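Student: Could we go through this model together? I would like to learn what its terms mean and how each one is earned.
Tutor: Gladly; let's look at it first.

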Amino acid sequence: MSIIKQAIITAGVAFSFLLVGCQNSGPSEGTSNSTNDNSEKGVPSGSQDSTLPLEETEYGRGAESDGEDTNAQEEPTRIISDDANSIIIYFSRSGNTQNLARMIYNEAGGDMLELTVANPYPSDYEQAVERADNERDNQEYPEINTDIPDLSQYDTVYLGYQTWSMTLSNPMISFLMDHGSNFSGKTIYPFSTNAGYGEGDTIERIKELTPDASVATSFSIQDEELLDNQDKVNTWLNDN
Ligand SMILES: Cc1cc2nc3c(=O)[nH]c(=O)nc-3n(C[C@H](O)[C@H](O)[C@H](O)COP(=O)(O)O)c2cc1C
């Protein structure tokens, strides 16, 4: 099965299965799954000839980013083939959702696209919260500067984001406002990380922004617990 890799993930900042702890004042909610409909999951057909490394991250409230979202040391992930019928599309400010996206990719394969914003969020957590709140209050969501490929070949979209103010993070809102109408006939599998408060109303927002798609069982996990729970990721992938 041929595959065109448009981007190579560099290993410069990869530290497998190593987390640096930071403050986390959220409740220990753990992994949560929610079933939103009974759509059949498409079996990913994209071939996979490598695994992507998991990276050191900060997590929880107060987590700093590198100020370039996840991309200070590497190009945004972009793996686009001719024949995959599934794609993982995600945004990650401080790396946790990227790790979950990679855990999904390493298990399920398919194509993969990391979204980035033209003006990255500040590394400082409070400043990032302030900016996000202002954007949401003013309904001025960030510009996505990722070249979005033709999505028509994909039946299944794994959509990755993080809970911000108990709703969908602003970059994912931007992406779905621009492209959600192109999800007709596709099945979306939402996945997310959070600081312990769960996925909020993110599924409802996704359904609003992708009215012609099926939104299937989601997977959301507290960032602090992510790397210990590949088995839960696999169960979600295999059982839904
Ligand atoms: C602006 C902002 C708002 C957040 N709001 C919430 C929230 O409402 N509930 C929650 O559980 N976590 C919240 N978090 C924490 C993130 O959801 C969590 O750390 C997530 O794993 C970050 O993912 P990322 O590293 O992929 O960016 C927030 C983080 C930021 C930066």
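Student: Where is the place of Met166?
Tutor: Met166 has its place in the loop between β5 and β6. Those labels follow DSSP runs numbered from the N terminus: helices are H or I runs of at least four residues, and strands are E runs of at least two. Before we go on: this is a predicted model, where local features need pLDDT of at least 70 and side-chain atom pairs count only at pLDDT 80 or more, while totals for chains, interfaces and linings use all residues. Residues are numbered from 1 along each chain as its sequence is written, and side-chain values use heavy atoms, with hydrogens and water left out.

Student: Why does Met166 count as partly exposed?
Tutor: Buried means under 20% relative accessible area, exposed means over 50%, and partly exposed is in between (1.4 Å probe, protein chains only). Met166 has 36% relative accessibility, so it counts as partly exposed. Its phi, near 60°, is positive, in a residue other than glycine.

Student: Gln139 is not a glycine either; what is its phi?
Tutor: Gln139 has a positive phi of about 55°. This residue is found in the loop between α2 and β5.

Student: Why is Gln139 called buried or exposed?
Tutor: Its relative accessibility is 57%, so Gln139 counts as exposed.

Student: How many helices and strands does the protein have?
Tutor: The protein has five helices and nine strands. From the N terminus on, their order is β-β-β-α-β-α-β-β-α-β-α-β-β-α.

Student: What share of the protein is made up of buried residues?
Tutor: Of the 240 residues, 55% are buried. As for contacts (heavy atoms within 4.5 Å), consider those with a separation of 6 or more: 86% of them join residues 24 or more positions apart.

Student: Why is helix α3 described as largely enclosed?
Tutor: Helix α3 covers residues 170-179, and eight of its 10 residues are buried, so the rest of the structure largely encloses it. Among the buried ones are Met172, Ile173, Phe175, Leu176 and His179. The elements that the buried residues of α3 pack against are β3 (86-90), α2 (125-138), β5 (156-164), β6 (167-168) and α4 (202-209).

Student: What makes Phe183 count as buried?
Tutor: Phe183 has a relative accessible area of 0%, so it is buried. Its place is in the loop between α3 and β7 (187-194). Leaving aside neighbours within four places in sequence, Phe183 is in contact with residues including Phe175, Leu176, Ile188 and Ala213. Pro211 is 28 residues from Phe183 along the chain, with 8.2 Å between their C-alpha atoms.

Student: Why is Ser65 called buried or exposed?
Tutor: The relative accessible area of Ser65 is 10%, so Ser65 is buried. You will find it in the loop between β1 (32-34) and β2 (78-79). Beyond neighbours within four places in sequence, its contacts are Arg93, Ser94, Tyr121, Pro122 and Ser123.

Student: Why does Pro120 count as partly exposed?
Tutor: Pro120 has 22% relative accessibility, so it counts as partly exposed. It belongs to the loop between β4 (111-114) and α2. Setting aside neighbours within four places in sequence, Pro120 is in contact with Gly67, Glu68, Asp69 and Arg131.

Student: Which residues are the closest to the ligand?
Tutor: The closest are Ser92, Ser94, Thr97, Thr193 and Asp223, out of 21 residues that surround the ligand. To be counted as near a molecule, a residue needs a heavy atom within 4 Å of it. At least two residues of this shell come from each of α1 (96-108), α2, β5 and β7.

Student: What is the distance from the side chain of Asp223 to an oxygen atom of the ligand?
Tutor: A polar contact is a pair of N or O atoms within 3.5 Å; within protein, one must be able to donate a hydrogen and the other to accept it, and residues adjacent in sequence count only if both atoms are side-chain atoms. An N or O atom in the side chain of Asp223 is 2.7 Å from a ligand oxygen, so this pair is a polar contact. A polar side-chain atom of Gln162 lies 3.1 Å from an oxygen atom of the ligand, and for a backbone N or O atom of Tyr197 the distance is 3.2 Å. The ligand taken alone exposes 650 Å², and the protein buries 95% of that.

Conventions:
Areas by Shrake-Rupley, 256 points an atom, 1.4 Å probe, with all protein chains shown as cover.
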